[in-house]
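Please look over the sequence and the structure shown here before reading on. The report that follows takes up a few places in turn, under short headings.

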Amino acid sequence: MSKINDTKYNEGMQHVKQAEKYMKTSLFKWQPDRDSAISEYQKAATDFRNAKAIDKAKDTYIHVAELQQQMNSTFHAAKSYEQAGLLCKENKDWDEACHLMTMAAQMFQEHGTPDTAALTLDKAGKMMEQVKPGRAIDLYIRACDVAEIEDRPINCAEFIGKAARLLINSQRYEEAINALQRELEYYLAAESYDKMKKVIMGQVLVHLTHDDYVAADLCFKNSLSLPEFGSSEEAGALEDLLTAYDEGDDDKGKTTLNLPLFKYLDNAFAKLAKGLVMPTGLGGKAGDNKGIVIEDGEFDGDDLR
């Protein structure tokens, strides 16, 4: 932890003392001067932050937020809670950071600015991705739900897409499939067909990674009627991949997965493509007769029934 800068810290304390004076009442001053006190506390928080006294700065921003709430200044209170949450990141206090950022988002929403609420949840999600991916997933899904209030399908797609990719990385494939379906629908609503096609590729890859050829094939066939997909390069590549998987044709599968269309998908999808293995059988369809060992002599179709 960085050493506290005493000079800046002391300057901050002077602002705190001045703020406390503004909050005092007397015989001739019946109401505290909250506006002036907030201004001083904000200056103090800045000084504490510059002094590397992160906890003190965080607590001061929270105090500012509480005063702003008392004045029914919901938007500014939300901004102060957001600042406090961002400071928690510097101390790696992830749970507190998430709590404060979520509180800020809720207040933005109450104030009638859901777009700002969604962006705050998105910031919190980015903050949590590496340390608590499960929390990040929840934050991104909530950001999507909030953005939906404003009828912003592109933003919704971006937020739910982030959740989907974290679900893939966490091998929570069934939840990822549901999230990807939402992402597809948002891009379809926004007529963003190029991005929609990439999501379809991701869906098929997730189904195959989850060893569900039937679902992958159904997903592909249901997508053929979507705008600009049926005759697209992506559709042709997916058809080749599904054929290779169904036939257990490893060479054809590798050739298809090495196409730039798969190699240059975003990271989560590209990793699935790189790790996908064609199933092997006895010359039949993918998955047929796996693990069957034939010993001593000939066999016919009846032996496999």
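## Salt bridges in the model

How many salt bridges does the structure hold? In this predicted model, the structure holds 18 salt bridges, and a few of them are described below.

## A link between distant parts of the chain

One of the salt bridges brings together the side chains of Asp266 and Arg165, with a distance of 2.8 Å from N to O. This pair links distant parts of the chain, since Asp266 lies in the loop between helix 14 (260–263) and helix 15, whereas Arg165 belongs to helix 8 (residues 153–169), and the two are 101 residues apart.

The two partners can also be described by their accessibility: Asp266, at 32% relative accessibility, counts as partly exposed, while Arg165 is buried, with a relative accessible area of 17%, a value that falls in the buried class because that class takes in what is under 20%.

## Phe269 and its surroundings

Arg165 appears again among the contacts of Phe269, a residue of helix 15 (residues 267–275). When neighbours within four places in sequence are left aside, Phe269 is in contact with Arg165, Ile168, Leu180, Lys198, Val199, Gly202 and Leu205.

Is Phe269 buried or exposed? With a relative accessible area of 1%, Phe269 is buried, because a residue counts as buried when its relative accessible area is under 20%. Phe269 can also be set beside Met201, from which it is 68 residues apart in sequence, although the C-alpha atoms of the two are 8.1 Å apart in space.

## Salt bridges within one helix

In helix 10 (residues 193–209), Asp194 and Lys197 are separated by about one helical turn, because they are three residues apart, and their side chains meet in a salt bridge of 3.4 Å, N to O. Of these partners, Asp194 is exposed, with a relative accessible area of 53%, whereas Lys197 is buried, with a relative accessible area of 9%.

Helix 13 (residues 250–257) holds both Lys254 and Asp250, which lie four residues apart, or about one turn of the helix, and the side chains of Lys254 and Asp250 meet in a salt bridge of 3.2 Å, N to O. Asp250 is partly exposed, with a relative accessible area of 29%. Elsewhere, salt bridges that share partners join Lys79, Glu82 and Lys123 into one network.

Note on methods: Residues numbered from 1 in each chain as written. Predicted model: local features only at pLDDT ≥ 70, side-chain atom pairs only at ≥ 80, totals over all residues. Heavy atoms only, no water. Buried < 20%, exposed > 50% of the residue type's maximum accessible area, 1.4 Å probe, protein only. Contact = heavy atoms within 4.5 Å. Salt bridge = Lys/Arg side-chain N within 4 Å of Asp/Glu carboxyl O.
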